[in-house]
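I opened a structure that was new to me and kept short notes as I went. Here they are, in the order I looked things up.

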Amino acid sequence: MEQQIARLEKHLLAVAQTFQQIGEEKAASRPAPGKWSAKEILGHLCDSAINNLPRFVRAQTEQPYVLIPYQQDEWVKAQAYQQRTVDEIVQLYSSMNRAIITVISVMPASACDHSCTTADGTTVSLQWLVQDYVEHMEHHLDQLQKQIS
């Protein structure tokens with residue numbers, strides 16, 4: 001988990017710096033109709049954190065833990081990230097990921113092997129779920145970087 005924590009901490013700093021530099025107008029710009037703006041991509045990462053934080057907590061005590069999926073496009077729309085300020089979204093992203101860092105940093109090693117069942121019936125470990133969360137974040141941060149460059 002130490003590697004995941006280090007990666008998350010690195011992204012907390014990078015996201016804050018990136019959004020400070022690009023400003024509201026560029027962050028709200030959509031690359032094409034139907035595509036998310038940078039604010040919405042970051043908002044999606046907030047939604048991912050909102051959904052994964054309780055997963056990481058509950059999977060430690062509920063065995064086996066069954067993941068409840070969420071509809072990402074509907075969440076982004078319902079959260080109205082496009083209408084919110086960059087600062088507000090960055091603060092939410094930072095707060096949620098700091099909470100995730102805390103949870104995984106105090107997670108007992110024995111919990112890493114706990115079973116988590118995905119919506120399609122696949123069984124993965126809690127450690128895999130945390131790793132997948134970080135990789136998902138990095139995928140979207142790469143997407144975001146390409147969009148604003």
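**Entry: the core.** I began with the largest nonpolar core, in what is a predicted model. I found 43 residues in that core. I then looked for the members that touch the most others, and these are Leu 8, Phe 19, Leu 42, Phe 56, Tyr 93, Leu 126 and Tyr 133. Next I checked which helices feed the core. I noted α1, α2, α4 (86–105) and α5, each supplying at least two residues.

**Entry: around Tyr 93.** I picked Tyr 93 from that list of well-connected core members. Which residues is Tyr 93 in contact with, leaving aside its neighbours within four places in sequence? I wrote down His 11, Leu 12, Val 15, Leu 42, Leu 45, Cys 46, Met 137 and Leu 141. Leu 42 is also among the core residues that touch the most other members.

**Entry: aromatic pairs.** I searched for paired rings next. A pair of aromatic rings is described by the distance of the centres and the angle of the planes. I counted two aromatic pairs. One of them joins Phe 56 and Tyr 133, with 5.7 Å centre to centre and 85° between the planes. I logged this pair as edge-to-face. I then placed the two rings: Phe 56 lies in helix α2 (residues 38–61) and Tyr 133 in helix α5 (residues 126–148). The two residues are 77 apart in sequence, so the pair ties together separate parts. Both Phe 56 and Tyr 133 are buried. Both also appear among the core residues that touch the most other members.

I turned to Tyr 70 and Trp 75. Their ring centres are 5.3 Å apart and their planes stand at 70°, so I logged this pair as edge-to-face. Is Trp 75 buried or partly exposed? Trp 75 has 29% relative accessibility, so I marked this residue as partly exposed.

**Entry: salt bridges.** Side chains of opposite charge can pair when their charged atoms come close. How many salt bridges does the structure hold? I found five, and I wrote up some of them.

I took Glu 138 and Arg 7 to start with. Their side chains meet in a salt bridge at 2.5 Å, N to O. Glu 138 sits in helix α5 and Arg 7 in helix α1 (residues 2–28). The pair links distant parts of the chain, 131 residues apart. Both Glu 138 and Arg 7 are buried.

I moved on to Glu 62 and Arg 58, whose side chains meet at 2.8 Å, N to O. Glu 62 has a relative accessible area of 30%, so I noted it as partly exposed. Arg 58 is at 36%, so I noted this residue as partly exposed too.

I also looked at Glu 88 and Arg 84. Their closest N and O atoms are 3.1 Å apart, and they form a salt bridge. Glu 88 is partly exposed, with a relative accessible area of 37%. Arg 84, at 18% relative accessibility, counts as buried.

**Entry: cysteines.** I searched the whole structure for disulfides and found zero. Why is Cys 112 in no disulfide? The nearest cysteine sulfur is that of Cys 116, 11 Å away, and a disulfide needs the two sulfur atoms within 2.5 Å. Cys 116 is likewise in no disulfide, with the sulfur of Cys 112 as its nearest, 11 Å away. I checked burial for both. Cys 112 counts as buried, at 11% relative accessibility. Cys 116 is buried, with a relative accessible area of 0%.

Notes:
Residues numbered from 1 in each chain as written. Predicted model: local features only at pLDDT ≥ 70, side-chain atom pairs only at ≥ 80, totals over all residues. Heavy atoms only, no water. Buried < 20%, exposed > 50% of the residue type's maximum accessible area, 1.4 Å probe, protein only. Phe/Tyr/Trp six-rings, centres within 6.5 Å; stacked < 30°, edge-to-face > 60°. Helix = DSSP H or I, 4+ residues; strand = E, 2+ residues; numbered from the N terminus. Salt bridge = Lys/Arg side-chain N within 4 Å of Asp/Glu carboxyl O. Core = buried A, V, L, I, M, F, W, Y, C linked by side-chain atoms within 4.5 Å. Contact = heavy atoms within 4.5 Å.
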